[in-house]
There are 2 protein chains.
Amino acid sequence: MTHPLDTTFAALADPTRRMILSMLLEDDMAVTDVAAPFSTSLAAISKHLQVLADAGLISQEKRGRVKWCKLEPDALRAASVWMQGFGQFEPVDLDAFERFLASDLANDLDDTDVPA
Amino acid sequence: MTHPLDTTFAALADPTRRMILSMLLEDDMAVTDVAAPFSTSLAAISKHLQVLADAGLISQEKRGRVKWCKLEPDALRAASVWMQGFGQFEPVDLDAFERFLASDLANDLDDTDVPA
DNA sequence: GCAATCGTCAACCAGATGGTTGAATAAGCT
DNA sequence: AGCTTATTCAACCATCTGGTTGACGATTGC
């Protein structure tokens, strides 16, 4: 029914979810650990993770009683191709990306519990 | 308050709005002409255009009684940089983009009034 | 067995979103 | 001036979203 890009972009439209993706860039994480830096409830984060999983941006594997979340960057490829069609964007610029992550850490989290 | 990427991705999450952007790739258009291929009301399209303008994805200039809509692909650059940070995506692939547009034309519009 | 931990489910709430219709504003045409 | 075209505004509606809280099933460890 709905186009895959709908769910991809909708998932990316939330700062909490983008932050989660950034966190998962470093390593796989359990749900509780993903939720730790946020001031919202665990249930809310669990829902965010479900949205990300539905969009294919992460995968979740339950081992024992902990559910591990893993980044699945392939799901971004279609969206990336779509966007790049609109302009001759510069090739991968990891420095710009790092700057984004830094500013996300500074701005997106609630002013409590911001990790150092 | 809200991160610029929030509005960018949210604007891109709607198939009607993505279609509008694709249409504006070819040329600037008046609001009425943008609305023509869709089965939704003109007012709805006008709102969509406002969302796109708020996200900076298009600009609107009123000349006489018609308001011209112009694609502003620069607004996609920040989002593109963000996404590319998550993987080594292939460089600009215009063929893949054309395929996307073709499938959008086939799938996204309501089954009425699909332009040939 | 029993308590603690991990995570989801269910019900609920406030606010945003996408759509409609009809009236209103603005600019051109004759 | 008066009709027509272009676009938005206002009110309304149904649905989605992101959040909460409390109960619940499942797993682990003592």
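Tutor: Before we start, one definition: a residue counts as near a DNA strand if one of its heavy atoms lies within 4 Å of that strand. Also bear in mind that this is a predicted model.

Student: OK, which of the 20 residues around DNA strand C come nearest?
Tutor: Both protein chains feature in that list. Chain B supplies Lys47(B) and His48(B), and the others of the nearest group are Thr32(A), Ser46(A) and Lys67(A).

Student: What distance separates the side chain of His48(B) from a phosphate oxygen of DNA strand C?
Tutor: Start with Ser41(B), which has a polar side-chain atom 2.7 Å from a phosphate oxygen of strand C. Lys47(B) goes for a base instead, with a side-chain N or O atom 2.6 Å from a base oxygen. For the polar side-chain atom of His48(B) and a phosphate oxygen of strand C, the distance is 2.3 Å.

Student: And which element of chain B gives two or more residues to the surface near DNA strand C?
Tutor: Chain A puts in helix 3 (31–35), helix 4 and strand 3 (66–71). From chain B, the element is helix 4.

Student: Of the strand C atoms within 4 Å of the protein, what percentage belongs to sugar or phosphate?
Tutor: Look at the surface first: its residues divide into seven nonpolar, six polar and seven charged. On the DNA side, the atoms within 4 Å are split between bases and sugar or phosphate, and the sugar or phosphate part is 66%.

Student: Now the other strand. Which residues come nearest to DNA strand D?
Tutor: There are 20 residues around strand D, and both chains are again in the nearest group. Chain B gives Thr32(B), Ser46(B) and Lys67(B), while chain A gives Lys47(A) and His48(A).

Student: How far is the side chain of His48(A) from a phosphate oxygen of DNA strand D?
Tutor: Ser41(A) has a side-chain N or O atom 2.7 Å from a phosphate oxygen of strand D. From chain B, a polar side-chain atom of Ser46(B) lies 2.3 Å from one. For His48(A), the polar side-chain atom and the phosphate oxygen are separated by 2.2 Å.

Student: Is His48(A) buried or exposed?
Tutor: His48(A) sits in helix 4 of chain A. Its relative accessible area is 16%, and the cut-off for the lower class is under 20%, counted on the protein chains only. Therefore His48(A) is buried.

Student: Which residue makes a side-chain polar contact with His48(A)?
Tutor: Leaving out neighbours within four places in sequence, His48(A) is in contact with Asp14(A), Thr16(A), Arg17(A) and Ile20(A). One of these has its side chain in a polar contact at 3.1 Å with that of His48(A), namely Arg17(A).

Student: Zooming out to helix 4 of chain A, how wide is the arc that holds its buried residues?
Tutor: The buried residues are Ile45(A), His48(A), Leu49(A) and Leu52(A). Seen down the axis, they line one face of the helix, because they fall within an arc of 100 degrees.

Student: Which residues are exposed on the other side of helix 4 of chain A?
Tutor: The buried residues pack against helix 1 (4–12), helix 2 (15–26), helix 3, strand 2 (58–63) and strand 3 of chain A. On the other side of helix 4, the exposed ones are Ala43(A), Lys47(A) and Asp54(A).

Student: How many of the 12 residues of helix 2 of chain A are buried?
Tutor: The buried residues run through Thr16(A), Arg17(A), Arg18(A), Met19(A), Ile20(A), Leu21(A), Ser22(A), Met23(A) and Leu24(A). Helix 2 of chain A is therefore largely enclosed by the rest of the structure, and the buried count is nine.

Student: Which residue caps the N-terminal end of helix 2 of chain A?
Tutor: Go by the backbone nitrogen of Thr16(A), which has a side-chain oxygen 2.8 Å away. The residue that supplies this oxygen and caps the helix is Asp14(A).

Student: What is the relative accessible area of Glu26(A)?
Tutor: Glu26(A) is also found in helix 2 of chain A. Its C-alpha atom is 9.3 Å from that of Leu71(A), 45 residues apart along the chain. Glu26(A) is exposed, with a relative accessible area of 74%.

Student: Last one: what percentage of the residues of chain A count as buried?
Tutor: Chain A has six helices and three strands, in the order α-α-β-α-α-β-β-α-α from the N terminus. Of its 116 residues, the buried part is 44%.

Key
Residues numbered from 1 in each chain as written. Chains lettered and ligands numbered in written order. Predicted model: local features only at pLDDT ≥ 70, side-chain atom pairs only at ≥ 80, totals over all residues. Heavy atoms only, no water. Polar contact = N/O pair within 3.5 Å; in protein donor to acceptor, adjacent residues only side chain to side chain. Helix = DSSP H or I, 4+ residues; strand = E, 2+ residues; numbered from the N terminus. Nonpolar A, V, L, I, M, F, W, Y, C, P; charged D, E, K, R; others polar. Buried < 20%, exposed > 50% of the residue type's maximum accessible area, 1.4 Å probe, protein only. Arc of directions from axis to C-beta. Contact = heavy atoms within 4.5 Å.
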